[in-house]
Each structure stands twice: as structure tokens, then as C-alpha cells.
There are 2 protein chains.
Amino acid sequence: MVTKQQLKDLPEDADLRRADSLAREIFSDVANKWALLIIEALGDRTRRFSELRDEVEGVSHKMLTQNLRMLERNGLVDRKVHPTVPPRVEYTLTEAGRALRKTVDGLCDWTHRYLGHIEDARRRFGA
Amino acid sequence: MVTKQQLKDLPEDADLRRADSLAREIFSDVANKWALLIIEALGDRTRRFSELRDEVEGVSHKMLTQNLRMLERNGLVDRKVHPTVPPRVEYTLTEAGRALRKTVDGLCDWTHRYLGHIEDARRRFGA
DNA sequence: CGGCATCCTCACGGATACTG
DNA sequence: CAGTATCCGTGAGGATGCCG
């Protein structure tokens, strides 16, 4: 639904709001467990679909395909199909993907650095 | 189910696996849209429950409570109840929470820096 | 091997209402 | 104002099967 207020907005405002909603959309895409684990697993070299399924512990065939599509659509991974038989599909992080990976690495570091704190906090919370 | 292999594992190995599974659990807790948005919204000063609900666009009462509990349990936010009427509850990032926020900031920066790339990638993917 | 479609389940999450 | 409980629909996501 389009409100009167929205119709009165200036073009620049509309642009800003569009960029914001796009940013939120990307954030939602990327801020999810599987996407981040896949990006982490891709690391700095290219992987096959089946390698990823083995390395990303607990991911289902479906979730892997789905998230890889999403990452490809957003230009974070590059998908290379070798027309052999049997098929061979390789995934590689793009420049944008590698940049994202840096921040994911940060998240992993954080997790391990604060593991102890968190365990303590949980024990205290239990009481 | 406990396998024979698991029974043969040395204690150190067991510890490592426990730490890993805990790390994965924390990762799953934290790598979700609402948790990250809430941490970002908390910023560097303390906020009331209702302030958070206003600032985290689109979050429901329920999701906010639920995620705040989770963050509190993991020692990422501190919850301070003022026994006044009406009640006043304030949330603040702990040291661990502030450290996490740094990496979330990185994620936000990344989102904005690559917004253009991503838009382009999507257009190309559409074809 | 990798992708896609289908079915089916269950838990995530919204809406609502009641308490302190 | 903040928290908890309940109800309930929807969709995320697992399992399976077939295709190129």
C-alpha cells in the first residue's frame, strides 16, 4: 500500500529509503547461520559442491544449494560448471565474498575468544 | 546414541569436541538477523525495552524479549530492572557484547560498501 | 555429481490477552 | 511498561526421487 506521505517524498529521500531497504535485505540474506558457515568453509580456495557438503557440518543438500544460489545471486560466490560427465561444479569467493569473509573470520575469533566468558555467564544465568 | 569409537576417545579429545559444539551453538545463537540488529541498536549506551522495540525496525515484542533473554543468558547484555511503577528495564552491552558489536559494525560497513556491487550482480543474475 | 521438484512436518514467529 | 502464556498460521527446511 502506498500512503499519501510516501507520494510527497522527494526523489532523494526515495533513493535513500530504497538503499536502506536493500541494505536490510542483504543483511537478512547474509546474517544467517548457513550462509556464514558456507562462506567460512569456502575459505580462500575453490571447492566442489560435495566438498562443501562434507565440510559444512550438518548442512542438507537443499540448504546448501539454496544458500549457494543466494550467494551467487548477490555476487559473493562465483559458480563454475565443468561440462564433463559426471558434472563438476566449483564455487569460489568473489572479491566481495572475500571481503565479507574477513568479517566472518572476526566473528569466529570472537566466538573462541569469549567461549569461557559465555560458559560462565550461562552457569550464572542458570541460577 | 554413544558409539564404541566415542568411548575410546581420550579426555582431551572429548574436551575439544565439547568446545567445538559449544562454539557452534553460540555461532547459531548469534548468527541470526534479530540478534545482530539488536546488538547494533544497543550501540554504546544503555536502552530501555521500548526504545529497542522502536529502534529495531520490524521486530515484534516476542522476538525482542526472546533474543534479549538469549543474549543475557550468553552474557552479552546486562539486564537492569528498576523496581519502579511503571517498571523500567534497561539493557546494556557487556564487555563481550561490545567486542561482538565491533564485528557486527564490520558487517554493516561491508554491506554499505558493496551495495553497488551487489545490485549489479543481481541484475546480471536476473538474465 | 549436482540441481530441482515434491511432499510433509514442526517450530518459528505474529497476534492477542492477562499479570505485576 | 515489561514479561509471560496461549493460540495458530505460515514457511523453513528435511527426506525422497527423478533428471541432465
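**Exercise 1.** Which helices and strands of chain A and chain B each supply at least two residues of the surface near DNA strand D? Work from the predicted model.

*Solution.* Start with chain A: α5 (61-73) meets the criterion. In chain B, α4 (49-55), α5 (61-73) and β3 (88-93) meet it. Next, look at the shares: α5(B) gives the largest, with 4 residues. Finally, sort the residues of this surface by type, which gives 7 nonpolar, 4 polar and 5 charged.

**Exercise 2.** Identify the residues that come nearest to DNA strand D, and state which parts of the strand are contacted.

*Solution.* There are 16 residues around the strand, and the nearest are A:S60, A:K62, B:F49, B:S50 and B:Y91. Of the atoms of DNA strand D that come within 4 Å of the protein, 60% belong to sugar and phosphate. Then take individual polar side-chain atoms. That of A:K62 lies 2.5 Å from a base oxygen of DNA strand D. On chain B, a polar side-chain atom of B:S50 is 2.7 Å from a phosphate oxygen, and one of B:R69 is 2.9 Å from a phosphate oxygen.

**Exercise 3.** Determine how many disulfides are present over all chains, and describe the surroundings of A:C108 and B:C108.

*Solution.* A disulfide requires two cysteine sulfur atoms within 2.5 Å. Applying this cut-off over all chains gives 0 disulfides. For A:C108, the nearest cysteine sulfur is that of B:C108, 17 Å away. B:C108 likewise is in no disulfide, its nearest cysteine sulfur being that of A:C108. As for accessibility, A:C108 is buried, with a relative accessible area of 17%. B:C108 also counts as buried, at 17% relative accessibility.

How values were computed:
Residues are numbered from 1 along each chain as its sequence is written. Chains are lettered from A and ligands numbered from 1 in the order in which they are written. This is a predicted model: local features need pLDDT of at least 70, side-chain atom pairs count only at pLDDT 80 or more; totals for chains, interfaces and linings use all residues. Side-chain values use heavy atoms; hydrogens and water are left out. Buried means under 20% relative accessible area, exposed over 50%, partly exposed in between (1.4 Å probe, protein chains only). A residue is near a molecule or strand if one of its heavy atoms lies within 4 Å of it. A polar contact is a pair of N or O atoms within 3.5 Å; within protein, one must be able to donate a hydrogen and the other to accept it, and residues adjacent in sequence count only if both atoms are side-chain atoms. Ala, Val, Leu, Ile, Met, Phe, Trp, Tyr, Cys and Pro count as nonpolar, Asp, Glu, Lys and Arg as charged, and the others, Gly among them, as polar.
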